[in-house]
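Here is a short briefing to read alongside the sequence and the 3D view. Keep both open as you go through the topics below.

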Amino acid sequence: MTDMEQAIPDAAEVAQTDEPGVAEVETVIAAGTPQPIGSFRFWFADQRWEWSDEVAAMHGYAPGEVEPTTELLLAHKHPDDRDRVAGAITMMLENGEAFSSRHRIIDTGGYEHEVIAVADLMTDDEGSVVGTTGYYIDITDVVDDDEETLAEFYEGRETIEQAKGALMLVYGLTPDQAFRLLRWRSQETNIKLRALATQLVAELRPLSSEIPQFRTRFDHRLLTLHERLQSN
């Protein structure tokens, strides 16, 4: 039995089922209509997770079937990604950071999903940080683009390509995955794709000065590219 196959029984063992009478499964979760985007919240104080029906579906569960816990979430991570995600959760708790990650999950049917968790800090009415909230985005399959989106893309292609490049760098995405992520934010906020890309690129410029270690490492890579090419 492979490590991936062993991950599924682990998930079932830690799943906490609700009282009888939860809603019946209305669609085939694992192999049916994809649920590419869902939301989640996590409270630092009691380490409590809350996920939308779409995130539950990504893991292979019907709405309300299980209560999400850190143990359950980690049990569904791909064996090669589990330790890294566990470390990200530890850092989140120790430093009060938002939970952001790119990793693979194995649903209850044994299907592998590649996902990105994009999150921000969650505050109470007084502005105190109480947790993290964000979205799970399933980037396993990239869907075809509609004509309207493609038309807008070609109108603002240069800026959109810059925004895509930024997303590819930060999240390690392919060009199609980066475009899908950018388009999702456009649809979610009802803001034109080109306007969103322009704003992202504008806000990245001052942000680059806030991460000197990254700049230093990037400078080194840029100035030594020829050495690695010549050695090949």
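**Briefing: a sheet, a helix across it and a small set of loops**

Strand S2, residues 37-43, pairs with S3 in the antiparallel sense, and 4 bridges hold that pairing. Please bear in mind that this is a predicted model. The chain has 10 helices and 7 strands, and 33% of its 232 residues count as buried. Among contacts between residues at least 6 apart in sequence, 55% join residues at least 24 apart.

**The sheet as a whole**

- Five strands form an open sheet, and walking across it gives the order S3-S2-S7-S6-S5, with antiparallel pairing.
- Strand S3 (48-51) and strand S5 (101-106) stand at the edges, and each has a single partner strand, so one side of each is left without a neighbour in the sheet.
- From one strand to the next, the twist averages 30°.
- In a regular strand, side chains alternate between the two faces of the sheet, which is handy to remember when you look along any one strand.

**Strand pairings, one by one**

- Between S2 and S3, Arg-41 has Glu-50 in S3 as its bridge partner.
- Phe-42 stands opposite Trp-49 in S3.
- On to the pairing of S2 with S7: these strands run antiparallel and are joined by 7 bridges.
- One residue to look for here is Trp-43, whose bridge partner in S7 is Gly-131.
- S5 and S6 also pair in the antiparallel sense, over 6 bridges.
- His-103 finds its bridge partner in S6, at Val-115.

**The helix across the sheet**

- Which strands does helix H7 lie across? Helix H7 (residues 175-189) lies across S2, S5, strand S6 (112-123) and strand S7 (129-138).
- Relative to S7, helix H7 runs at about 120°.

**A residue to click on: Ile-37**

- Ile-37 is found in strand S2.
- Its relative accessible area is 25%, so Ile-37 ranks as partly exposed.
- Leaving aside neighbours within four places in sequence, Ile-37 is in contact with Glu-54, Met-58, Tyr-135, Tyr-136, Ile-137 and Trp-184.
- Ile-37 and Val-115 are 78 residues apart in sequence, while their C-alpha atoms are 9.3 Å apart in space.

**The cavity**

- How many cavities of 30 Å³ or more does the structure hold? The structure holds 1.
- The largest cavity contains about 50 Å³ of space.
- Lining the largest cavity are Phe-40, Trp-49, Glu-50, Trp-51, Val-55, Pro-68, Leu-73 and Tyr-136.
- S3 gives the largest share of that lining, with 3 residues.
- By class, the lining has 7 nonpolar residues, no polar residues and 1 charged residue.
- Several names come back here: Glu-50 is the bridge partner of Arg-41, and Trp-49 stands opposite Phe-42, while Tyr-136 is among the contacts of Ile-37.

**Turns and loops with positive phi**

- Most residues other than glycine have a negative phi, so exceptions are worth a look.
- Where does Gln-47 lie? Gln-47 lies in the loop between S2 and S3.
- Gln-47 is not a glycine, yet it has a positive phi of about 50°.
- The hairpin of S2 and S3, where Gln-47 takes that phi, has 4 residues between the strands.
- With a relative accessible area of 45%, Gln-47 is partly exposed.
- Asn-190 is another residue that is not a glycine but has a positive phi, of about 60°.
- Asn-190 lies in the loop between H7 and helix H8 (193-207).
- Is Asn-190 buried or exposed? Asn-190 is exposed, with a relative accessible area of 72%.
- In the hairpin of S5 and S6, with 5 residues between the strands, Gly-110 takes a positive phi near 90°.

Key. Residues are numbered from 1 along each chain as its sequence is written. This is a predicted model: local features need pLDDT of at least 70, side-chain atom pairs count only at pLDDT 80 or more; totals for chains, interfaces and linings use all residues. Side-chain values use heavy atoms; hydrogens and water are left out. Two strands pair if DSSP finds at least two bridges between them. Helices (H or I, at least four residues) and strands (E, at least two) are DSSP runs, numbered from the N terminus. Axes are lines fitted to C-alpha atoms, for helices over the stretch in contact, and angles run from 0 to 180 degrees between N-to-C directions. Contact means heavy atoms within 4.5 Å. Buried means under 20% relative accessible area, exposed over 50%, partly exposed in between (1.4 Å probe, protein chains only). On a 1 Å grid over the protein atoms alone, a cavity is a set of points where a 1.4 Å probe fits but cannot get out, and a pocket is an open set with protein on both sides within 12 Å along at least five of seven lines; lining residues have an atom within 4 Å of a point. Grid points are joined across faces, edges and corners, and a volume is the space filled by probe spheres set on the points. Ala, Val, Leu, Ile, Met, Phe, Trp, Tyr, Cys and Pro count as nonpolar, Asp, Glu, Lys and Arg as charged, and the others, Gly among them, as polar.
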